[in-house]
Amino acid sequence: MIDIAIPGKGKLKIKRLVLDLNGTIALDGEIIDGVAERLDRLSRLLDIFIITSDTMGSAERVTKDLKIKLYKIKKGNENAQKLELIRKIGERETVAIGNGSNDVLMLKESLIGICIPGREGASMDAMMASDLNISDINDAFDLLLKPDRLVATLRK
């Protein structure tokens with residue numbers, strides 16, 4: 001768990017991390033460099049879920065060595081399915097990271113929503129639904145590994 005106090009937001013207890021796969025932690029069906037190492041470190045603090053409709057058909061292969069729970073959803077109505085997972089595991093203790101229009105509801109409803117435009121880009125809806133927009137997924141993970149950075153960015 002990650003405990004942080006953010007002025008204007010209060011004391012936060014982060015217990016879970018939900019990640020979109022393609023475009024967020026993977027590009028063209030391959031995990032982005034640096035992600036596996038950071039996920040290993042984060043898995044000591046948080047329960048990590050990767051949610052995907054597996055557009056590239058590579059989810060099992062690219063996540064097999066990661067300390068995560070893979071949550072595959074059906075194609076169609078992905079936004080609602082992602083929100084359903086967030087609510088099931090507890091939106092008030094979950095950070096969500098994504099970049100697409102189908103990530104909007106999970107980004108909006110989670111404790112902290114982070115949009116990663118990255119090399120694939122991000123939908124404007126996802127960017128507007130998020131608390132933070134960070135260009136690189138590894139930088140986003142570093143915010144969780146060094147939570148004082150979150151305080152500096154989110155305090156009001």
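Me: What makes Asp40 and Arg44 a salt bridge?
Reply: In this predicted model, the closest N and O atoms of Asp40 and Arg44 are 2.6 Å apart. The cut-off is 4 Å between a side-chain nitrogen of Lys or Arg and a carboxyl oxygen of Asp or Glu, so the pair of Asp40 and Arg44 counts as a salt bridge.

Me: Why is Asp40 called partly exposed?
Reply: Its relative accessible area is 24%. Partly exposed covers what lies between buried, under 20%, and exposed, over 50%, and therefore Asp40 is partly exposed. Its partner Arg44 has a relative accessible area of 61%; exposed means over 50%, so Arg44 is exposed.

Me: How do you know that Glu37 and Arg41 form a salt bridge, and where do they lie?
Reply: The closest N and O atoms of Glu37 and Arg41 are 3.2 Å apart, and the limit is 4 Å, so the pair qualifies. Both residues belong to helix H1, residues 35-42, with their positions 4 residues apart, about one turn of the helix. Glu37, at 41% relative accessibility, is partly exposed, and Arg41, at 32%, is partly exposed.

Me: What makes the pair of Asp20 and Lys82 a link between distant parts of the chain?
Reply: Asp20 forms a salt bridge with Lys82, with the closest N and O atoms 3.0 Å apart. Asp20 sits in strand E3 (residues 16-20) and Lys82 in helix H3 (residues 78-89), and the two are 62 residues apart. Both Asp20 and Lys82 are buried.

Me: How many salt bridges does the structure hold, and which residues are linked in a network?
Reply: The structure holds 13 salt bridges. Lys15, Arg16 and Glu93 are linked in a network of them.

Me: Why is H1 called roughly parallel to H6?
Reply: The two helices pack at an angle of about 20°, and their axes are 10 Å apart. Angles under 35 degrees count as roughly parallel, so H1 is roughly parallel to H6. The contact involves Val35, Arg38, Leu39, Arg41 and Leu42 of H1, and Ile137, Asn138, Phe141, Asp142, Leu144 and Leu145 of H6. Those residues of the contact divide into 7 nonpolar, 1 polar and 3 charged. H1 passes H6 in a left-handed crossing.

Me: Why does Asp142 count as buried?
Reply: Asp142 has 13% relative accessibility. Buried means under 20%, so Asp142 counts as buried. Asp142 is found in helix H6, residues 137-145. Leaving aside residues up to four places away in sequence, Asp142 touches Arg38 and Arg149.

Me: What is notable about the phi of Asn77, and why is Asn77 called exposed?
Reply: Asn77 has a positive phi of about 60° although it is not a glycine. Asn77 lies in the loop between E7 and H3. With 57% relative accessibility, set against a threshold of over 50%, Asn77 therefore counts as exposed. Gly76 is found in the loop between strand E7 (69-72) and H3. At 38% relative accessibility, between the two cut-offs of 20% and 50%, Gly76 counts as partly exposed.

Me: Where is Asp28 found, and what makes Asp28 exposed?
Reply: Asp28 is found in the loop between strand E4 (26-27) and strand E5 (30-31). The relative accessible area of Asp28 is 61%, over 50%, so Asp28 is exposed. Phi of Asp28 is near 55°, a positive value in a residue other than glycine.

Methods: Residues numbered from 1 in each chain as written. Predicted model: local features only at pLDDT ≥ 70, side-chain atom pairs only at ≥ 80, totals over all residues. Heavy atoms only, no water. Buried < 20%, exposed > 50% of the residue type's maximum accessible area, 1.4 Å probe, protein only. Contact = heavy atoms within 4.5 Å. Axes fitted to C-alpha atoms, helices over the stretch in contact; angles between N-to-C directions. Parallel < 35°, antiparallel > 145°, perpendicular 65-115°, else oblique. Left-handed = near helix turned anticlockwise from the far one by under 90°. Nonpolar A, V, L, I, M, F, W, Y, C, P; charged D, E, K, R; others polar.
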